[in-house]
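Reader: Please take a close look at one strand and its surroundings, and then at the enclosed spaces. I would like the cut-offs stated along the way.

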Amino acid sequence: MIPLLVCDDSTMARKQLIRALPAEWPVRITQASHGEEALDAIRQGLGRVVLLDLTMPVMDGYQVLAQLRAEGLTAQVVVVSGDVQDEAQRRVRELGALAFIRKPADPEELRATLLGLGLLAPVPAGVPATPGPLPELKVNFRDALREVSNVAMGRAAALLARVLGVFVRLPIPNVSLFEVSELQMALADAQRGERLSAVCQGFIGEGIAGEALLLFHDTESAEVARLMDVTPQGDTDQAEMLLDLAGILIGACLAGFAEQLDIRFSQSHPRLLGQHSSVERLLNLNTRRWHKTLAVEISYEIEDRELHFDLLLLFTESSVARLTQKIHYLMD
């Protein structure tokens, strides 16, 4: 039996990946939820082959690969990640990863990759596969939605990276069900009185509706202009610049959601919600009709620049039941 380590902070991602393994592959599976756990398992001989995520708490996938090299540990690593930026793929290969597969892993692509690397022996014709027992993994709704968000934000980051010629550092998305007043207070505390501009875009499809809200920090507006190679002459030019950038991030992120949940979103045109305002005022303008919202918070950070964008996906309270159905379909 081949000692196989599956390392991902998301229970749903580990479940999807384990299900995608070739049935005839004789493996003994160990799981890790972050990089330090993965390294401990590899040191114990439990990870001759490693399927490794990149975006994780405690220690991410890049750090795991670097530490494997530093300690001279032997492990054959295939990265399976939602961060599909070209630069991310280049970096992990430079650090010693044998291959890169984007999430959610397609079983046939995974099989072909393992065969190509010599990690899986071809099954002779006529010999039936005899899959071993798979571990039972219980996935809660919040973990599942966070993983869907992780994949969607990775698609958006890859597009942003290609358009602007940058590398985007990705966070672990935060998923919470808020009273709108609670969301306002949490964001106001996080922004600490900063002045912000915001673009919003509504979306609706198959009983799921909401608004995407992209927050720009006024202190970073000059850096945004340099990145986009524009020279705004005033608030109108700046608004057009922000709308262009929002169209890239919001559109790609919603497309990633729609693809995974097998729905089609109709989207309104992005519109400027406000400029040079407090976050409390911006949210009051946009969400005063909601009592509760399911919020997905994503903060994109541009490497080597003092620049980040805060994206909020705010699902209406009435969308939660349908969204839960869609998520459970993915989990099952």
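Author: What follows deals with strand 3, then with the cavities.

The model is predicted, so local features need pLDDT of at least 70 and side-chain atom pairs count only at pLDDT 80 or more, while totals for chains, interfaces and linings use all residues. Residues are numbered from 1 along each chain as its sequence is written, and side-chain values use heavy atoms, with hydrogens and water left out.

Strand 3 spans residues 49-52; helices (H or I, at least four residues) and strands (E, at least two) are DSSP runs, numbered from the N terminus. Val49 and Leu51 lie on one side of strand 3, Val50 and Leu52 on the other, and all four are buried, where buried means under 20% relative accessible area, exposed over 50% and partly exposed in between (1.4 Å probe, protein chains only). Both faces of the strand are thus covered.

Strand 3 pairs with strand 1 (residues 2-7) in the parallel sense over 4 bridges; two strands pair if DSSP finds at least two bridges between them. Within this pairing, Leu51 is the bridge partner of Val6. Strand 3 also pairs with strand 4 (residues 76-81), in the parallel sense and over 4 bridges, and there Leu52 stands opposite Val79. Helix 3 (residues 61-71) joins strand 3 and strand 4 in a right-handed β-α-β unit; right-handed means that, with the strands pointing away from the viewer, the path from the first strand over the helix to the second runs clockwise.

As for enclosed space, the structure holds 3 cavities of 30 Å³ or more. A cavity is a set of points, on a 1 Å grid over the protein atoms alone, where a 1.4 Å probe fits but cannot get out, and its lining residues have an atom within 4 Å of a point. Grid points are joined across faces, edges and corners, and a volume is the space filled by probe spheres set on the points.

The largest cavity has a volume of about 80 Å³. It is lined by 15 residues, of which Asp8, Ala13, Leu17, Val80 and Lys103 are the closest to its centre. Strand 3 is one of the elements that give two or more residues to this lining, along with strand 1 and helix 1 (11-20). Helix 1 gives the largest share, 4 residues.

The second largest cavity holds about 60 Å³ of space. Among the residues that line it are Asp9, Ser10, Asp53, Thr55 and Arg146.

Key: On a 1 Å grid over the protein atoms alone, a cavity is a set of points where a 1.4 Å probe fits but cannot get out, and a pocket is an open set with protein on both sides within 12 Å along at least five of seven lines; lining residues have an atom within 4 Å of a point.
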